[in-house]
Amino acid sequence: TILMASDQLFSKILVPIDGSEPSFHAAQVAINIANKFNSEIIVLYVVVSPSKSEYANLTGLVTPKHIDMIIENAKSEAKTWFKRIKDTVEEENPNIKVSTKIILTGFAVYGEIIQYAQQESINLIVLGTRGRSGFKKLLLGSTASGVVTYSNCPVLVTK
């Protein structure tokens, strides 16, 4: 039996997005759940940064300026994605709290998603089966697969 109040069941929902339609669909599903449980939604974009060795091959050295550039590009890329989701929430239920986060990583995206979910005490992760790098033949993309395998909280994978 579930001992906690039902309104606390999914109080914080994490939606990792990458700008793909499956990730926007996952966001819509998260909004529907948030409507029922009065949840907060955190929209997360994990940007994979080239490793220092890749940088060294390109420019001979890694500078903070390069890293800042990657983050700035990611922010401008994600701005329209975040706005699209916030606009949908505003139309459907302006009472839902939505926050956005961009993380830069040199590692696997799923590891960052799981680590963030643990740090922020996320109750549910909602993500698409495949993102921008999706191979149609795979049942789950590598990110979705990693999140499902290693997450400590429930994961809802949307198609």
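Buried, here, means under 20% relative accessible area, and the model we are looking at is predicted.

Q: Is I113 buried or exposed, and with what relative accessible area?
A: Let's start in helix α4, residues 109-119, where I113 is found. The cut-off for buried is under 20% relative accessible area. I113 falls under it, so it counts as buried, with a relative accessible area of 1%.

Q: Which residues does I113 touch, not counting residues up to four places away in sequence?
A: Some distance along the chain can still be bridged in space: I113 and Y45 are 68 residues apart in sequence, with their C-alpha atoms 9.0 Å apart. For touching, heavy atoms must come within 4.5 Å. The residues that I113 touches are L14, P16, L44, V46, I125, T143 and V147.

Q: Which side chain is joined to that of T105 by a polar contact of 2.9 Å?
A: T105 lies in strand β3, residues 98-105, and is buried, with a relative accessible area of 4%. Leaving aside neighbours within four places in sequence, its contacts include V46, V47, V48 and S49. The polar contact of 2.9 Å joins the T105 side chain to that of E112.

Q: How many Å apart are the end C-alpha atoms of helix α3?
A: Helix α3 has 29 residues, 64-92, and at 1.5 Å a residue it should span 42 Å. The distance in the model agrees with this, the end C-alpha atoms being apart by 41 Å.

Q: On which residue is the kink in α3 centred?
A: The buried residues of α3 are I70, A74, A78, W81, F82, I85, T88 and V89. One of them is also the centre of the kink, which is about 35°. That residue is A78.

How values were computed:
Residues are numbered from 1 along each chain as its sequence is written. This is a predicted model: local features need pLDDT of at least 70, side-chain atom pairs count only at pLDDT 80 or more; totals for chains, interfaces and linings use all residues. Side-chain values use heavy atoms; hydrogens and water are left out. Helices (H or I, at least four residues) and strands (E, at least two) are DSSP runs, numbered from the N terminus. The expected span of a helix is 1.5 Å times one less than its number of residues. The bend at a residue is the angle between axes fitted to the seven residues ending there and the seven starting there. Buried means under 20% relative accessible area, exposed over 50%, partly exposed in between (1.4 Å probe, protein chains only). A polar contact is a pair of N or O atoms within 3.5 Å; within protein, one must be able to donate a hydrogen and the other to accept it, and residues adjacent in sequence count only if both atoms are side-chain atoms.
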